[in-house]
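I opened this entry to keep track of what I looked up in the model, one topic at a time.

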Amino acid sequence: MFSVRGRGVARLAAATLVSSLVVVGAIATAGPAFADDAAGTGGVKAKLGGMTDRDSVKIFEKDGTDWSVPGGLFKMQVEGGGTLQTYCIDLRTEAKHDFDYKEVGWGESSLHNNENAGKILWVLENAYPKFSAEVLGAKLGVDLSKNEAAAGTQAAIWTFSDDVKAVPRSGDAEKLTEYLLKEAVKLEEPKASLSLSPSSVAGKAGDRLGPITVSTNAETAKITPAPGTPAGVKIVDAQGNAVTEAKNGAELFFDVAAGTADGTAELSASATTKVSLGRAFVSIDGPSQTLILAGSSDSTVTAKASAAWAKKGAAPAVTVAKDCAKGGLEVIASNKGDDAWTFDLKGTSHTVAPGETKTIAVPLAEDEAYKFTITGPNGFEETFEGVLDCETAPPGPKPSETPSTEPSTPAPSPSTPGTTTGDTTGGTTGSTGTTGGTAGGSTTGGGDLAETGGSSATPMIAGIAAALVVIGGGAVFVLRKKKAAAH
């Protein structure tokens with residue numbers, strides 16, 4: 001969901017309705033289980049669009065204050081084809097239109113230490129849009145519109161993701177929220193759409209370099225060597241058979257024929273699949289709110305892995321994973337050669353001895369963007385980039401006190417023709433809009449509250465500003481937003 005403010009000055013640094021409708025997954029008995037795809041590459045990349053179904057939700061803070069914000073579904077366009085529907089799991093962070101997002105495991109997102117992550121997945125599996133507003137309404141004995149169903153679902157998710165009391169404006173939507181919160185149980189983390197792990201291997205010519213494990217929810221993934229792969233290099237399984245397709249759990253190897261000149265090679269895995277509900281999405285362009293998957297069309301997913309080999313000398317491999325528990329990155333550098341390998345990492349030199357694997361912690365501030373390249377002999381070069389996004393924003397200045405300075409974006413059209421975004425069936429019309437309207441006002445003609453930074457407190461702000469002008473002869477308001485760290 002869009003928020004009317006950024007993450008706030010106190011942002012922490014350095015570091016799932018209806019049981020009779022569906023039975024899903026295995027119930028977890030402890031905290032969230034993290035899929036083993038953190039050190040791999042792949043998954044869906046998608047661009048954030050606008051909101052579709054939505055309605056106003058009131059947020060009650062622990063300090064007794066409250067504020068309203070539109071809650072509902074976002075639409076995302078998948079790179080390579082396909083669309084996604086997502087909800088917000090980072091209430092107080094502003095979302096940036098047209099930012100690119102990457103699918104990640106819970107351990108690389110704000111769900112890494114959230115004991116209710118599995119309950120969020122249960123909500124997604126049992127609420128809207130997995131089940132239609134009509135089906136959900138009939139179950140609860142109310143007449144739910146799509147907008148109400150989306151807001152009711154989002155409110156339940158926020159309760160688990162941001163530790164707040166979130167109440168939809170519509171009474172019928174509130175009944176949905178209450179039901180979801182009462183019935184939710186913990187489910188296990190869903191599988192990645194497609195991941196290869198590790199993403200980098202090394203060794204000597206004449207050996208099979210690997211294994212590289214395929215993790216996917218697709219039936220099969222297509223495996224292809226990259227253009228320019230040397231003639232002596234093949235992609236094989238553990239028995240040495242050539243591989244063109246692989247299933248979940250398959251192990252792949254680069255078979256490098258003896259006598260092949262020192263060098264590097266790359267393979268690609270691709271599949272068309274629906275992304276599993278509950279996968280997290282984080283921005284790779286800069287600080288933006290974290291999202292969680294609520295629906296997926298058939299989408300194109302890809303992953304890559306590389307290999308380096310040498311007859312003599314160093315043979316490097318490197319993988320990088322976010323370590324949200326420690327507030328930074330974990331760089332795993334290994335050397336399968338017979339000479340030491342020295343490389344530079346963000347201005348610091350590191351040496352990996354022959355046969356050694358070294359783990360290097362790279363501390364980062366929350367929301368810090370990073371981009372760096374690690375090089376080695378025989379054309380070895382790996383570039384890593386992203387944003388450390390491991391925490392939800394904590395309570396801070398109220399929305400009316402910190403309006404967004406982002407340019408206004410028109411509100412998206414509702415998904416059902418003939419309805420006005422923010423309207424509900426059987427309730428008062430309108431949700432909070434850019435003109436400062438409160439529940440009961442209209443949302444037509446403007447963007448939503450969070451996109452533009454308007455709120456119901458706008459008249460009050462104007463009054464205070466006027467008073468300051470009269471008293472002091474003028475005042476200058478400096479509106480700040482947190483800057484993303486430079487790459």
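**Strand 13.** I started with strand 13, residues 263–273, in this predicted model. I checked which way its side chains point: G263, A265, L267, A269, A271 and T273 face one side and are buried. T264, E266, S268, S270 and T272 point to the other face and are not buried. I noted the general rule beside this: side chains in a regular strand alternate between the two faces of the sheet.

**Partners of strand 13.** Next I looked up what strand 13 pairs with. Strand 16 (residues 299–309) is antiparallel to strand 13, and eleven bridges join the two. Within that pairing, I found E266 with S306 as its bridge partner, and S268 opposite K304. Strand 9 (residues 221–225) also runs antiparallel to strand 13, with four bridges between them. There, T224 stands opposite S268. I therefore have S268 listed with K304 in strand 16 and with T224 in strand 9.

**The five-stranded sheet.** I then put these strands into their sheet. The sheet is open, has five strands in the order 7-16-13-9-11, and its pairing is mixed. Which strands stand at the edges? They are strand 7 (200–203) and strand 11 (245–246); each has a single partner strand, so one side of each lacks a neighbour in the sheet.

**The three-stranded sheet.** I went on to another open sheet, with three strands in the order 17-18-21 and antiparallel pairing. Its edges are strand 17 (316–323) and strand 21 (357–363), each with a single partner strand, so one side of each has no neighbour in the sheet. On average, neighbouring strands of this sheet are turned by 20 degrees against each other, direction ignored. For strand 18 (residues 328–335) I looked up the pairing with strand 21 and found seven bridges in the antiparallel sense. E330 stands opposite A361 of strand 21.

**Helix 3.** I turned to helix 3, residues 146–162. From first C-alpha to last, its 17 residues reach 23 Å, close to the 24 Å expected at 1.5 Å a residue. Is helix 3 mostly covered or uncovered? I found it mostly covered, with 15 of its 17 residues buried.

**Helix 3 against helix 4.** I recorded the packing of helix 3 with helix 4 (residues 171–183): the angle is about 40 degrees and the axes are 8 Å apart. Helix 3 is therefore oblique to helix 4. I have their crossing down as right-handed.

**Backbone exceptions, phi.** I kept the general expectation in view: most residues other than glycine have a negative phi, and most peptide bonds are trans. D163, just after helix 3, takes a positive phi of about 55 degrees, although D163 is not a glycine. I placed D163 in the loop between helix 3 and strand 5 (165–168). Its relative accessible area is 54%, so D163 counts as exposed. D98 also has a positive phi, about 70 degrees, and is not a glycine. This residue, D98, lies in the loop between strand 3 (83–88) and strand 4. D98 is exposed as well, with a relative accessible area of 51%.

**Backbone exceptions, omega.** I looked up two cis peptide bonds. One joins Y128 and P129, with omega about 10 degrees; P129 is found in the loop between helix 1 and helix 2 (133–140). The other runs from S197 to P198, with omega near 0 degrees. I located P198 in the loop between strand 6 (194–197) and strand 7, the latter being an edge strand of the five-stranded sheet.

**N114.** Is N114 buried or exposed? At a relative accessible area of 10%, N114 is buried. I found N114 in the loop between strand 4 (100–104) and helix 1 (117–126). I also checked its C-alpha atom against that of S161: the two are separated by 7.3 Å, with these positions 47 residues apart along the chain.

**Whole chain.** I closed with the totals. The chain holds six helices and 23 strands. Of its 487 residues, 51% count as buried. I noted an accessible surface of about 19900 Å², of which 52% belongs to carbon and sulfur atoms.

Key. Residues are numbered from 1 along each chain as its sequence is written. This is a predicted model: local features need pLDDT of at least 70, side-chain atom pairs count only at pLDDT 80 or more; totals for chains, interfaces and linings use all residues. Side-chain values use heavy atoms; hydrogens and water are left out. Two strands pair if DSSP finds at least two bridges between them. Axes are lines fitted to C-alpha atoms, for helices over the stretch in contact, and angles run from 0 to 180 degrees between N-to-C directions. Buried means under 20% relative accessible area, exposed over 50%, partly exposed in between (1.4 Å probe, protein chains only). Accessible areas come from the Shrake-Rupley method with a 1.4 Å probe; for residues, only the protein chains shown count as cover. The expected span of a helix is 1.5 Å times one less than its number of residues. Angles under 35 degrees count as roughly parallel, over 145 as roughly antiparallel, 65 to 115 as roughly perpendicular and the rest as oblique. A crossing is left-handed if the near helix is turned anticlockwise from the far one by less than a right angle, and right-handed if clockwise.
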